[in-house]
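Let's take a walk through this one, helix by helix. Have the viewer open and follow along.

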Amino acid sequence: MEPARKSRLEEIGIDVDSVLDRFMGNEGILTRFLKKFLDDANYEKLKDAVEKGDAEAALTASHTLKGVSGNLSMNRLYELTTRQVQLFREGKEAEARGMMDEITETYQGLIQGIKEILGD
């Protein structure tokens with residue numbers, strides 16, 4: 001991978017070596033999955049569920065977003081959603097909802113960075 005692209009992906013929070021290892025070094029697959037991430041609706045589902053106070057739907061969306069971010073080695077988003085899922089499961093809904101600002105900031109940084117890197 002071109003060093004500048006790798007560096008930029010790492011700056012936005014993607015562990016490039018880890019994700020490329022998962023994709024057997026195939027940068028094309030990584031690019032396709034990053035494009036799919038841009039269209040993934042789970043963040044919006046999470047945000048809407050939190051706004052509506054629907055803890056069950058929020059848990060489902062956060063859990064799915066956790067899986068997607070983990071598979072793409074988006075470590076900070078993965079850590080945040082892992083914590084949020086745990087809080088929802090423990091019935092600590094206010095704490096879980098309170099994580100949305102940090103999740104939103106991290107998510108938006110990834111989306112903006114991916115768009116810049118991919119030229120979208």
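How far apart are the end C-alpha atoms of H3, and what span should its 13 residues have at 1.5 Å a residue? This is a predicted model, by the way, so everything here is read off predicted coordinates. The expected span of H3 is 18 Å, and its end C-alpha atoms are 19 Å apart, which agrees.

Now look at which side chains of H3 are tucked away. Leu30, Thr31, Leu34, Phe37 and Leu38 are the buried residues of this helix. Around the axis they cover an arc of only 115°, so they sit on the same side of H3. Arg32, Lys36 and Asp39 are exposed on the other side. What do the buried residues of H3 pack against? Their partners are helix H1 (3–11), H2, H5, H6 and H8. At the N-terminal end, H3 is capped by Asn26, which has a side-chain oxygen 2.9 Å from the backbone nitrogen of Gly28.

Step back a little from H3 and you land in the loop between helix H2 (16–22) and helix H3 (27–39), where Met24 has its place. Met24 has a positive phi of about 50° although it is not a glycine. That's worth a second look, because most residues other than glycine have a negative phi. Ser73 does something similar, with a positive phi of about 55°, and it isn't a glycine either. Its loop runs between helix H5 (55–71) and helix H6 (75–89). Are these two buried or exposed? Met24 counts as exposed because its relative accessible area, 78%, is over the 50% cut-off. Ser73 counts as buried, because its 1% relative accessibility is under 20%.

Ser73 also turns up among the contacts of Ile14. Not counting residues up to four places away in sequence, Ile14 touches Leu9, Val19, Leu34, Leu72, Ser73, Met74 and Leu110. Ile14 is one of the residues with the most contacts inside the largest nonpolar core, along with Phe37 and Met74; that core has 34 residues. H2, H3, helix H4 (42–52), H5, H6 and helix H8 (100–118) each supply at least two of its residues. The largest share, eight residues, comes from H8.

Met74 is also a contact of Ser69, a residue found in helix H5. Ser69 is buried, with a relative accessible area of 0%. Leaving aside neighbours within four places in sequence, Ser69 is in contact with Met74, Leu77, Tyr78 and Thr81.

That brings us to H6. At 1.5 Å a residue, its 15 residues should span 21 Å, and the end C-alpha atoms are 21 Å apart, which agrees. Leu77, Leu80, Thr81, Gln84, Val85, Leu87 and Phe88 are buried in this helix. Seen down the axis, the buried residues of H6 fall within an arc of 160°, so they line one face of the helix. And what covers them? The cover includes H3, H4, H5, helix H7 (93–97) and H8. Just after H6, Gly91 takes a positive phi of about 80°.

Finally, a look at the annotation. An unreviewed UniProt entry carries the annotation "domain: HPt" for residues 43–112. In the model, that span is 86% helix and 0% strand, and its end C-alpha atoms lie 14 Å apart.

Key: Residues are numbered from 1 along each chain as its sequence is written. This is a predicted model: local features need pLDDT of at least 70, side-chain atom pairs count only at pLDDT 80 or more; totals for chains, interfaces and linings use all residues. Side-chain values use heavy atoms; hydrogens and water are left out. UniProt positions are given in the numbering used here, feature names are shortened, and annotations may be inferred rather than shown by experiment. Helices (H or I, at least four residues) and strands (E, at least two) are DSSP runs, numbered from the N terminus. Buried means under 20% relative accessible area, exposed over 50%, partly exposed in between (1.4 Å probe, protein chains only). A nonpolar core is a set of buried Ala, Val, Leu, Ile, Met, Phe, Trp, Tyr and Cys residues joined through side-chain atoms within 4.5 Å. Contact means heavy atoms within 4.5 Å. The expected span of a helix is 1.5 Å times one less than its number of residues. The arc is that of the directions from the helix axis to the C-beta atoms. A polar contact is a pair of N or O atoms within 3.5 Å; within protein, one must be able to donate a hydrogen and the other to accept it, and residues adjacent in sequence count only if both atoms are side-chain atoms.
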